[in-house]
Amino acid sequence: MLSQLSASLSHYSLSSFPSLTALFLRGPLLSPFPSKPPPSLLSSTSKSIRKFRLYPSNPHKPQPRPSSLVSNSYREVSMDSPSMNTDLSVESVTDDLKKQSLGEGRVKLNLEDLTWDHSFVRELPGDPRTDTMPREVLHACYTKVSPSAEVENPQLVAWSDSVAELLDLDPKEFERPDFPLIFSGASPLVGGMPYAQCYGGHQFGMWAGQLGDGRAITLGEILNSKSERWELQLKGAGKTPYSRFADGLAVLRSSIREFLCSESMQSLGIPTTRALCLVMTGKYVSRDMFYDGNPKDEPGAIVCRVAQSFLRFGSYQIHASRGKEDLDIVRTLADYTIKHHFPHIENMSKSESLSFNIGEVDGSVVDLTSNKYAAWIVEVAERTASLVARWQGVGFTHGVLNTDNMSVLGLTIDYGPFGFLDAFDPSYTPNTTDLPGRRYCFANQPDIGLWNIAQFASTLSAAQLINDKETNYAMERYGTKFMDEYQAIMTRKLGLPKYNKQLISKLLNNMAVDKVDYTNFFRLLSNIKADPSIPEDELLIPLKAVLLDIGKERKEAWTSWVQTYIQELCASGISNEDRKASMNSVNPKYILRNYLCQSAIDAAEQGDFGEVRRLLKVMQRPYDEQPGLQKYARLPPAWAYRPGVCMLSCSS
Ligand SMILES: Nc1ncnc2c1ncn2[C@@H]1O[C@H](COP(=O)(O)OP(=O)(O)OP(=O)(O)O)[C@@H](O)[C@H]1O
């Protein structure tokens, strides 16, 4: 079966990733514990992955486009397809946010009164040792360890009221004098039971062995008044047995990026881990940011991350990699995850939504109601597909899509060298470590999502939780879900009545050739009027701020595209005002460009946290005009292209 699946994947393969040498894998954080790789559907060093073919392959040299934008094996969707109407939950997420911000019936508790649960520690096998000596931790999902980062007069840099609300925490608690001490781990949080999780992962396509929470320490799970479970984790809180030869710490620079981006993603309507607060420890941490042998002392910091769970694909992979003895742990962990995080699957019965639960792959029926693990992986595959489609929609490039950075809940996790597209470039990677092969570049994210699902499926398959047919089905559902959502998102971004692959393909090609700013282009596009009488030489006026320095030939290409676009709009019958409002609700005006982050970092490193807090406020309303804050929508200035601003390495 493995070879059959590999063959079916390579059938679509257009690209290959040069295999990376160990040198590029993790910089100084290569695992000293490279345990046996878990069985893999694709060889871990496999170069062939499927290609979704969404973007022009070489933006600088436009190629004639293939007749279809997407593989024919995917069904076409239109705006009125069921998946569009029921499932494009960018809106539902923003609706939830609006409700949250109204603060209806909000419970406000002190830190001491939060309701804790410790299901992870209670229900899963733990490490009998509690020391932080670097070591392989066998037959266990976690090690109990306490935060140990040194602090000296820690300071609260920023906080999120909306995360406090998730936890039922009174926002006044942020003002407590001991708050920075508690959230730097120097004072214990009453009710917490800290531990570090054991996980492994494929990094840059190669099995890296045991990784684990090397600098993140979970305090426990909070149960809120809606019976939701929220895990609290301090990132940068000191060494654990999973720290290998690193220090267990985080610096202010990377912590500001993680804090701001996770909260921005939430406001964009993209599933993500959250951040309650960011504390500066008052101690310095040495970092060799450019691997040039010139380490610099940087202020240390700790982010308190919050998510329903921080389980990753690698959390299951590590146990499968350890052979027979630990395969039971894969099952135990899967049972735990389904029970607490996918309860609808636990309670699934044949009578429920049969159309969803019964599918077909390779001509045979797959009945998800007869195997909860199959239903689970299908949902994980679909959540991942939906997540990646939304990233593509806003131009987010994660930068390190290793399997240890793939959340089993379909959340964006680990904000390291991420970047939002400025000038549209499908081959953009924000990660200098990724430069040789651009494995994790913007255009490759959909394929990498599938590659990672294949690794996860092979883990469940090794533990005999799913069979070959179910594996194939999960992967097929990834593709279908991704294309459905991606097409729906692009259709809405352009304000079209239905998906038009030629028009979108031509647009992306034009944008790549002229390096057009991805965010500002789509925002301005809503100013184009559905009026066929507009004179040719006025057609590009609404886009002039983003079509910079283009010659006569390119002007003609753009004019021709706008003419076709206007024809489509005219045929739709939607009013200009309605279309603009709808487009502006999916095309953000404000995104967390790397240079904006850097300005906030520069000020914070000088002791001024105002810009971090202002940026948070702006990014909490990305779709609103926010008059007076126009400067946060500006294109990157020249200094943004200096090393370390638009591009970063993995290790930060
Ligand atoms: N300074 C550090 N000290 C100890 N371990 C580290 C450090 N930096 C990274 N690691 C570990 O290296 C591995 C990969 O690092 P990566 O940058 O993906 O993770 P991270 O940003 O630390 O954590 P997360 O994935 O939880 O956001 C993880 O196991 C991580 O815990």
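When I say a residue is near a molecule, I mean that its C-beta atom, placed from the backbone, lies within 6 Å of it. With that in hand, good morning everyone, and let's start at the ligand. This is a predicted model, and 18 residues surround the ligand in it. The closest are Leu211, Gly214, Ser243, Ala246 and Asp414. What is the make-up of that shell in nonpolar, polar and charged residues? It divides into eight nonpolar, six polar and four charged.

Now let me step back to the whole chain. It has 21 helices and 14 strands. Of its 652 residues, 52% are buried. If you take the contacts between residues at least 6 apart in sequence, 76% of them join residues at least 24 apart.

On to the domains. The assignment gives us domain 1, residues 102-317, and domain 2, residues 516-584. Their C-alpha centres lie 45 Å apart. Keep those two in mind for the core. The largest nonpolar core has 165 residues, and the ones with the most contacts inside it are Ile256, Leu260, Leu278 and Ile377. Which helix gives the most to this core? That is H13, residues 372-394, with 14 residues. Both domain 1 and domain 2 contribute residues to this core, so it lies between them.

Let me zoom in on Leu278 for a second. Setting aside its neighbours within four places in sequence, Leu278 is in contact with Val157, Ala158, Ser255, Ile256, Phe259, Ala301 and Val303. You'll recognise Ile256 there, since Ile256 is also among the core residues with the most contacts.

Next, a favourite of mine, helix H17, at residues 518-525. Seven of its eight residues are buried, so H17 is largely enclosed by the rest of the structure. The buried ones are Tyr518, Thr519, Asn520, Phe521, Phe522, Arg523 and Leu525. What covers them? The cover includes helix H15 (468-494), helix H16 (501-513) and helix H19 (576-584).

Let's turn to the strands. There is an open sheet of six strands, in the order S1-S7-S8-S10-S9-S3, with antiparallel pairing. Strand S1 (116-117) and strand S3 (155-159) stand at the edges with a single partner strand each, so one side of each has no neighbour in the sheet. At the S1 end, S1 pairs with strand S7 (residues 216-223) over two bridges, in the antiparallel sense. If you want to find that pairing on screen, look for Trp116, whose bridge partner in S7 is Ile222.

There is also a hairpin to point out. Strand S5 (residues 200-203) and S6 run antiparallel and are joined by three bridges. One place to see this is Gly200, which has Gln210 as its bridge partner in S6. Two residues sit between the strands, and in that turn Phe204 has a positive phi of about 50°. Strand S6, residues 206-210, is mostly covered, with four of its five residues buried.

Last stop, Pro417. Where does Pro417 sit? Its place is in the loop between strand S13 (396-397) and strand S14 (419-420). Is Pro417 buried or exposed? With 26 other C-beta atoms within 10 Å, Pro417 is buried; the cut-off for that is 20 or more. Pro417 also has Pro430 for company: the two are 13 residues apart in sequence, yet 5.8 Å apart in space, C-alpha to C-alpha.

That's my tour, and I'm happy to go back to any part of it.

Methods
Residues numbered from 1 in each chain as written. Predicted model: local features only at pLDDT ≥ 70, side-chain atom pairs only at ≥ 80, totals over all residues. Buried ≥ 20, exposed ≤ 12 C-beta atoms within 10 Å, placed from the backbone. Contact = placed C-beta atoms within 7 Å. Core = buried A, V, L, I, M, F, W, Y, C linked by C-beta atoms within 7 Å. Domains from an automatic or database assignment. Nonpolar A, V, L, I, M, F, W, Y, C, P; charged D, E, K, R; others polar. Pairing = 2+ DSSP bridges.
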